[in-house]
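User: Hi! I'd like to go through the labels on this model and see what each of them rests on. Could you show it first?

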Amino acid sequence: MSTRVQAAWAALDDVSDPEIPVITLRDLGILRDVRETDDGLEVIITPTYSGCPAMGQIEDDVRSALQAQGIPARVITQLAPAWTTDWMTEAGKEKLRAYGIAPPHRTAAATSVVRFMARRPVSGAADAVVCPRCGSGNTVESSYFGSTACKALYKCLDCQEPFDYFKPY
Amino acid sequence: MTSHVDYLLHLADNALVLGQRNAEWCGHGPILEEDIALANVSLDLIGQARMLYQLAAQLKGGAVTEDTLAYFRDVGDFRNYTLLELPHHGSLAANAAADHDYATTIVRNFLYSALMALLWEALQESRDEQLAAIAAKSLKEVRYHLRHSRDWLLRLGDGTEESHARAQAALDHLMPYTQEFWISSQAESAASAAGIGVDLQNLKTDWDRMVDDALLEATLNRSKTDGYVPQGKNGLHSEHLGYLLGEMQSLARAHPNGCW
């Protein structure tokens, strides 16, 4: 890794997500690569949900973090391979939990569409989403869709608190 | 090349028109969670439409952008299924401002999501790499749309006498419009021959199975699907699309090149 590439990674290491500021773009897996080309540095980012309104802000934040360090680079948005929550770092998941958002608890590995049917989580089962506040697995899904496209709404039946769950994608 | 662009516009127009329709529930949902859910579904659909329009604009070149495609084409240029432009109520209400019926919204979202889950899955193998990338992203999203609409189809169908009757009426109203899925347009035939698109006939067995399984669980009867075959994807639309576009495009046309 060249010094320029290293410097770019260092400049971008702390850039946080505009919607969930406790987690960095690197933790989320949005920041994919920094590479040297004949035309200079290229920073590769990938969108999360197709309609995520934070993407424009993320691109601007990446650009200004690089500019602040005087590093000229182009920011390129790349669709493939499609972003998945499986790329989220363990450190990132822990930060989400501490912030009050249950991180994705299973992989987003593809299942056949025909068999992809509504499955209600069984309270207390190994598959349960764990409450980020009290740690109980006795939780229930209130809605598949929450305050942002990437989250679902849950409720803890033990501490009675509602909480956000970052959906596997 | 033209049929390639037309195929992309068909997919993009589907997503945009249904996204705009579903967004009509924003602030008017039957309960708060559903208001948020429909807004989220719309956000995904409009995001998918943007990626597809950007790709189509790139292929067309010149001064074409995602915005000129979305805001400066007229009814006859749109290639969406007629099913997706219909208002949120049965056929006998006078206009789109009539009372919205959630069963109509749910049944439509279910029929379309079931199709798109299969289509996006197959389009991941498209010879157009950008389209394949869009399909891979959209597939992740449509799975949640399908889960949502299927779950509500069950609740309404296997719910109260009133909700059952309204879900059945919505199904009877909308089912004939799905005939349009299975008759290839010129753009679809050309795209599938070129390995860019998918022949929907190959997906029909799976779609039928998904629909029949859900209807059985929802205690609903599969409606007859005969009569007039809609031609929305060939540019022949119902009267409703003009009103939808009129609302959606008015701001961009009143302030061309406006930025905020």
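User: To start, which residue forms a salt bridge with B:Glu24, and how far apart are the closest N and O atoms?

Analyst: Happy to help! One thing to keep in mind is that this is a predicted model. B:Glu24 pairs with B:Arg21, and their closest N and O atoms are 2.6 Å apart. The cut-off is 4 Å between a side-chain nitrogen of Lys or Arg and a carboxyl oxygen of Asp or Glu, so the pair B:Glu24 and B:Arg21 earns the name.

User: Is B:Arg21 buried or exposed, and how do you know?

Analyst: B:Arg21 has a relative accessible area of 2%. Buried means under 20%, so B:Arg21 is called buried.

User: What makes A:Asp13 and A:Arg26 a salt bridge?

Analyst: Their closest N and O atoms are 2.8 Å apart, and the limit is 4 Å, so the pair qualifies. The bridge links distant parts of the chain, with the two positions 13 residues apart in numbering: A:Asp13 sits in the loop between helix H1 (3-12) and helix H2 (25-28) of chain A, and A:Arg26 in helix H2.

User: Why are A:Asp13 and A:Arg26 called partly exposed?

Analyst: A:Asp13 has a relative accessible area of 34%, and A:Arg26 comes to 35%. Partly exposed covers what lies between the buried limit of 20% and the exposed limit of 50%, so both residues get that label.

User: What about A:Glu90: which residue does it form a salt bridge with, and where do the two lie?

Analyst: The partner is A:Lys93, with the closest N and O atoms 3.5 Å apart. Both residues are in helix H4 (residues 90-99) of chain A, 3 residues apart, about one turn of the helix.

User: Why do A:Glu90 and A:Lys93 carry the labels they do, buried or exposed?

Analyst: A:Glu90 has 58% relative accessibility; exposed means over 50%, so A:Glu90 counts as exposed. A:Lys93 has 17%; buried means under 20%, so A:Lys93 counts as buried.

User: How many salt bridges does the structure hold, and which residues of chain B are linked in a network?

Analyst: There are 24 over all chains. The network in chain B links B:Lys204, B:Asp208, B:Asp212 and B:Arg222.

User: Let's look at B:Ser113. Where is it found, and why is it called buried?

Analyst: B:Ser113 is part of helix H4 (residues 102-123) of chain B. Its relative accessible area is 5%, and the buried label applies under 20%, so B:Ser113 is buried. Apart from neighbours within four places in sequence, B:Ser113 is in contact with B:Val142, B:His145, B:Leu146 and B:Ser149. A polar atom of the B:Ser113 side chain also lies 2.6 Å from the backbone oxygen of B:Asn109.

User: How do you know how much area is buried between chain A and chain B?

Analyst: The size of an interface is often given as the accessible area lost when the parts come together. For chain A and chain B this is about 2900 Å², with carbon and sulfur atoms giving 64%. In terms of contacts, 31 residues of chain A meet 33 residues of chain B.

User: What makes A:Glu141 and B:Arg147 a salt bridge across that interface?

Analyst: The closest N and O atoms of A:Glu141 and B:Arg147 are 3.3 Å apart, against a cut-off of 4 Å, so the pair counts. The rule finds 1 salt bridge across the interface of chain A and chain B, along with 12 residue pairs in polar contact. On the side of chain A that touches chain B there are 18 nonpolar, 9 polar and 4 charged residues.

User: Which domains does chain A have, and what is the area buried between them?

Analyst: The domain assignment gives domain 1 (3-77) and domain 2 (99-166). About 520 Å² is buried between the two domains of chain A, and carbon and sulfur atoms give 84% of that area. In domain 1, A:Ile20, A:Val22 and A:Tyr49 lose the most area to domain 2, together 70% of what that side buries.

User: How many salt bridges and polar contacts does the rule find across the interface of those two domains?

Analyst: The count is 0 salt bridges and 0 residue pairs in polar contact. The side of domain 1 that touches domain 2 has 5 nonpolar residues, no polar ones and 1 charged.

Note on methods: Residues are numbered from 1 along each chain as its sequence is written. Chains are lettered from A and ligands numbered from 1 in the order in which they are written. This is a predicted model: local features need pLDDT of at least 70, side-chain atom pairs count only at pLDDT 80 or more; totals for chains, interfaces and linings use all residues. Side-chain values use heavy atoms; hydrogens and water are left out. Helices (H or I, at least four residues) and strands (E, at least two) are DSSP runs, numbered from the N terminus. Buried means under 20% relative accessible area, exposed over 50%, partly exposed in between (1.4 Å probe, protein chains only). A polar contact is a pair of N or O atoms within 3.5 Å; within protein, one must be able to donate a hydrogen and the other to accept it, and residues adjacent in sequence count only if both atoms are side-chain atoms. Contact means heavy atoms within 4.5 Å. Buried area is the accessible area (1.4 Å probe) that two parts lose on being put together, summed over both. Ala, Val, Leu, Ile, Met, Phe, Trp, Tyr, Cys and Pro count as nonpolar, Asp, Glu, Lys and Arg as charged, and the others, Gly among them, as polar. Domain bounds come from an automatic or database domain assignment.
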